[in-house]
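The following paragraphs lead through the structure shown here, beginning with a point of detail and moving outward to the overall fold.

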Amino acid sequence: MKKQKCKKRNIQGACNMNTNGMLFMNIETTLKRKGQFRNEHHKAVVNVNYSGIWVQEQLTNMLSIFNLSYQQYNILRIIDRSEEPLSTLQIRERMMDRMSDTSRIVDRMIVKGLLKKTTSKKDKRLVDVALSPKGKTLIKRLEKEFDCYVDQITARLSAKEAKQLNNLLDKMRG
């Protein structure tokens, strides 16, 4: 896949040098932790949690330029990837953060002109949610920005390391 030109964004982090002279973020230093972790498993759980929050903060910063929250972006992507309009329940089931108040977020996105609601053709008691023309334009523009930003966040990982990380995270979740 061809690399696209990306606008350089400021990725926040506490970088240190390892023994090979490569930059990395040490969880103990980052958290200013004086004591040891109970064991490597404890450290891994704290590190995964911290790293997940860190990645979401980086992406939230990028999305704020477009006046979007991470949940709103997630909804735009879910609807964009669907071949037909979705109910708010279907959207919630596909969201990364299932605790979100999907109905309220969708309503705010309708006010922004990014989504539109119509009565479901299958069940008149339900409403279908789809992208508006403005939402379609925004998601196309965001895809490139988002992909560039993800590439910058993961730039320190080789493709092999990213695959290994994915496999380990999948294994941990069972």
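Y73 and F146 are both buried. In this predicted model, a search of the whole structure returns one aromatic pair. The ring centres of Y73 and F146 lie 4.3 Å apart and their planes meet at 25°, so the pair is stacked, because planes under 30 degrees apart fall into that class. Distant parts of the chain are linked by this pair: Y73 belongs to helix α3 (residues 70–81) and F146 to helix α6 (residues 133–153), with the two positions 73 residues apart in sequence numbering.

A further buried position is found in another helix. T30 is part of helix α1, which covers residues 27–30. Its relative accessibility is 15%, and T30 therefore counts as buried, the cut-off being under 20%. Between the C-alpha atoms of T30 and Y50 the separation is 9.6 Å, and these residues are 20 apart along the chain.

These helices belong to a wider arrangement. The protein contains seven helices and four strands, and along the sequence they follow the order β-β-α-α-α-α-α-β-β-α-α. Taking contacts between residues at least 6 apart in sequence, 50% join residues at least 24 apart.

The surface completes the picture. Of the 174 residues of the protein, 28% count as buried. The exposed area of the protein is about 12,600 Å², of which carbon and sulfur atoms supply 54%.

Key. Residues numbered from 1 in each chain as written. Predicted model: local features only at pLDDT ≥ 70, side-chain atom pairs only at ≥ 80, totals over all residues. Heavy atoms only, no water. Buried < 20%, exposed > 50% of the residue type's maximum accessible area, 1.4 Å probe, protein only. Contact = heavy atoms within 4.5 Å. Areas by Shrake-Rupley, 256 points an atom, 1.4 Å probe, with all protein chains shown as cover. Phe/Tyr/Trp six-rings, centres within 6.5 Å; stacked < 30°, edge-to-face > 60°.
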